[in-house]
Amino acid sequence: MINQTIKLDQFLKLKGIAPTGGQAKLMIQSGEVKVNGSPETRRGRQLVAGDQVTVAGQTFTVE
């Protein structure tokens with residue numbers, strides 16, 4: 001079975017949290033995004049199923 005991952009900035013666009021890649025980049029670099037409870041500033045961070053992404057008090061689970 002292949003372990004599928006998605007980059008953090010792509011996930012934000014997929015979920016409609018950020019309308020563009022540029023906006024996703026700004027949100028991540030400004031520290032607005034947390035992954036599994038910790039601030040994440042790397043937009044290329046690879047997410048795997050079960051990871052929790054929190055933005056503006058809303059939490060999204062990677063499926």
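**Strand pairing, loop residues and a buried aspartate**

Within strand 5, V53 is the bridge partner of V35. The model examined here is a predicted one. The pair V35 and V53 belongs to the junction of strand 2, which spans residues 33-35, with strand 5, which spans residues 52-55. These two strands run antiparallel and are joined by three bridges.

Strand 5 is also joined to strand 6, in this case by four bridges, and the two strands again run antiparallel. At this junction Q52 stands opposite T61 of strand 6. Strands 5 and 6 form a hairpin, with two residues between them.

The two junctions are part of an open sheet of four strands, arranged in the order 3-2-5-6 with antiparallel pairing. The edges of the sheet are taken by strand 3 (38-39) and strand 6 (58-61); each has a single partner strand, so one side of each is left without a neighbour in the sheet. Strands of a sheet pair through backbone hydrogen bonds, in either a parallel or an antiparallel manner.

Two residues in the loops between these strands have a positive phi although neither is a glycine. For A56, the value is about 50°. This residue is in the loop between strand 5 and strand 6, in the turn of the hairpin that the two strands form. A56 counts as exposed, with a relative accessibility of 77%. For N36, the value of phi is about 55°. N36 is located in the loop that runs between strand 2 and strand 3. With a relative accessible area of 41%, N36 is partly exposed.

Outside the sheet, D9 is placed in helix 1, which covers residues 8-14. D9 is buried and yet has no salt bridge. The nearest side chain of opposite charge is that of R43, at a distance of 4.2 Å from D9; a salt bridge requires a side-chain nitrogen of Lys or Arg within 4 Å of a carboxyl oxygen of Asp or Glu, so the pair does not count as one. R43 is nevertheless among the residues that D9 touches. When residues up to four places away in sequence are not counted, the contacts of D9 are A24, I28 and R43.

How values were computed: Residues numbered from 1 in each chain as written. Predicted model: local features only at pLDDT ≥ 70, side-chain atom pairs only at ≥ 80, totals over all residues. Heavy atoms only, no water. Pairing = 2+ DSSP bridges. Buried < 20%, exposed > 50% of the residue type's maximum accessible area, 1.4 Å probe, protein only. Lys, Arg positive; Asp, Glu negative; His and termini not counted. Contact = heavy atoms within 4.5 Å.
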